[in-house]
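Trainee: I've got the model open on my screen. Can we walk through it together?

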Amino acid sequence: MLPCQALLPAVVFALAALQALASDTFIAAVYEQAVILPDPTGQPVSPSHALALMNKNMDVLEGAIEEAAQQGAHIIVTPEDGIYGWRFTRESIYPYLEDIPDPVVNWIPCTDPSRFGPAPVQERLSCMARNNSIYVVANIGDKKPCDSSDPACPGDGRYQYNTDVVFDTQGKLVARYHKYNLFRGETQFNYPKEPEAVTFETPFGKFGIFTCFDILFYEPAVVLVSKMQVDTVLFPTAWMNVLPFLTAIEFHSAWAMGMGVNLLSANTHNTSMAMTGDGLFTPEGPATYHYDSATEEGRLLLAELSAQPRLSPTYPPAINWSLYARSIKKFPGENDTFSGAVRKDIFTFSELRHKDGNYTVCQGDLCCHLVYQMSNKSEDEVYVLGAFDGLHGSVIKYHWQICTLLKCPSTDLSTCGQPVEMAQTKFEMFSLSGTFGTSYVFPEVLYSGVQLAPGEFEVLSDGRLKSKHGTSKPLVTATLFGRLYEKDQPHPLRISP
């Protein structure tokens, strides 16, 4: 009993000190990196050759981390694939992987680099964090041996994971996350056997972490926010922009608003693969963002964010996403519809034939409603109201419900749904709503030239996405992007052979 009593004052003091250090805000940074790529080869290179490439990329990251720390950042997120790039087979990526232990081991690689075998990448990242007194978030590869007693063990006797790591200001490993939802080209990696909900506490809020494609799925993305109640999500990504709904900046900003958390999104930069777009996104909209499809340069972004956004006086109220749409009858007007493809998804569209009007378009269980008024309708531009209710995807299929006010690339209606970046038409007002079957809906507004519209639209508590005072720039799309997670097909690990 005496040892416990003796420890009590120390514990109380430590908690009090942590509380005193706690801050209402923090400065966050993300870095969009032009990654130096390996030469494409199906054969493994030597470990020294692999480390030489990784050190080149870490030289770049170190410069960004030092600059962020000098500007007062408490944490910096770097991109997925930022240390070794891509173009790998399962065999050729192996020399780039390290054994990453569970953070419970209480390890500072910078001061004890050989504790778990060779770990030069973890050592260097740890030292970057320690030397600059900043949390460092990076994406690397983990390797774990397995044997024949494990029926899922790959033939080469090891698991390989796409992995995020977090080092604190002392350089200690405080978080490790294995990507659960692999994109179709990531055949060099394995799925972890179970989805991981990784969180950690800091003096400036509770953080969660996942990677790129994970953001579209219930596990881990929704679990972290709805069940684990994180304040901020760390998001390394290698996001290939897909207009009209899935450019990095529009969807990531919309996701932060729809989920009511901060999202620190760090993207790789490679224009040949349409990779660009990062930002610091909040429940109120983007604090700052960057999109550049013209150059091959990286970009560091910083912003001051609320440490606990749910406690902020400006935190958005709860939204019933279908309340308004279900309260009205079908709008009158010209509602002739036609089908059009957004990639492989077949939407139901209706052309907006006048400068103002009321429209309704339905597909499946979803009806989308639009009231609008254009301020300078360009004669050679066509806009449509569209609805989609169905499964999307190839390897993993997931259920979308989408209502969209969308510009078509030309006056030929068969082009509606194809990518378009530029527009000339502004709107004096628009109000978009839908009969969504989910509470997870993400509001997007994208202006001409792939620009966001911070502060220029709002979502009312009854589910209407409305412009506040018209659009200051020509509009490409205004979209409500719903995710009906319960209708998703099972994760590949959940499908019986």
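Trainee: Let's start with Cys-212: in which loop is its place?

Mentor: Keep in mind that this is a predicted model. Strand 7 covers 205-209 and helix 4 covers 218-227. Cys-212 falls in the loop between strand 7 and helix 4.

Trainee: And is Cys-212 buried or exposed?

Mentor: Anything under 20% relative accessible area counts as buried. Cys-212 has a relative accessible area of 9%, so it is buried.

Trainee: Which residues does the UniProt annotation "active site" cover?

Mentor: That label comes from an unreviewed UniProt entry, and Cys-212 is one of the residues listed. They are spread over 133 residues of sequence, yet they cluster in space, with a largest C-alpha distance of 10.5 Å. The lining of the largest pocket takes them in too. The annotated residues are Glu-80, Lys-179 and Cys-212.

Trainee: Which two residues of that annotated set does Cys-212 touch?

Mentor: Leave out residues up to four places away in sequence, and the contacts of Cys-212 include Phe-235, Pro-236, Thr-237, Ala-238 and Trp-239. The list also holds the two you're after: Glu-80 and Lys-179.

Trainee: Now Glu-80: is it buried or exposed?

Mentor: Glu-80 sits in the loop between strand 2 (75-77) and helix 3 (120-132). The cut-off for buried is under 20%. With a relative accessible area of 3%, Glu-80 is therefore buried.

Trainee: Which side chain makes a polar contact of 2.9 Å with that of Glu-80?

Mentor: Glu-80 touches a number of residues further off in sequence, among them Asn-139, Asn-162, Lys-179 and Glu-186. The side chain joined to Glu-80 by the 2.9 Å polar contact belongs to Asn-162.

Trainee: Over to the open sheet of seven strands: which strands stand at its edges?

Mentor: The strand order is 13-14-17-18-24-20-21, with antiparallel pairing. A strand at the edge has a single partner, so one side of it is left without a neighbour in the sheet. That describes strand 13 (337-342) and strand 21 (451-452).

Trainee: What is the bridge partner of Tyr-447 in strand 21?

Mentor: Strand 20 (residues 441-447) runs antiparallel to strand 21, and two bridges join them. For Tyr-447, the partner in strand 21 is Gln-451.

Trainee: Helix 5 lies across strand 20, strand 21 and strand 24; at about what angle does it run to strand 20?

Mentor: Helix 5 takes in residues 248-259. Ser-253 is in this helix, and its contacts include Leu-452. The angle of helix 5 to strand 20 is about 145°.

Notes
Residues are numbered from 1 along each chain as its sequence is written. This is a predicted model: local features need pLDDT of at least 70, side-chain atom pairs count only at pLDDT 80 or more; totals for chains, interfaces and linings use all residues. Side-chain values use heavy atoms; hydrogens and water are left out. UniProt positions are given in the numbering used here, feature names are shortened, and annotations may be inferred rather than shown by experiment. On a 1 Å grid over the protein atoms alone, a cavity is a set of points where a 1.4 Å probe fits but cannot get out, and a pocket is an open set with protein on both sides within 12 Å along at least five of seven lines; lining residues have an atom within 4 Å of a point. Helices (H or I, at least four residues) and strands (E, at least two) are DSSP runs, numbered from the N terminus. Buried means under 20% relative accessible area, exposed over 50%, partly exposed in between (1.4 Å probe, protein chains only). Contact means heavy atoms within 4.5 Å. A polar contact is a pair of N or O atoms within 3.5 Å; within protein, one must be able to donate a hydrogen and the other to accept it, and residues adjacent in sequence count only if both atoms are side-chain atoms. Two strands pair if DSSP finds at least two bridges between them. Axes are lines fitted to C-alpha atoms, for helices over the stretch in contact, and angles run from 0 to 180 degrees between N-to-C directions.
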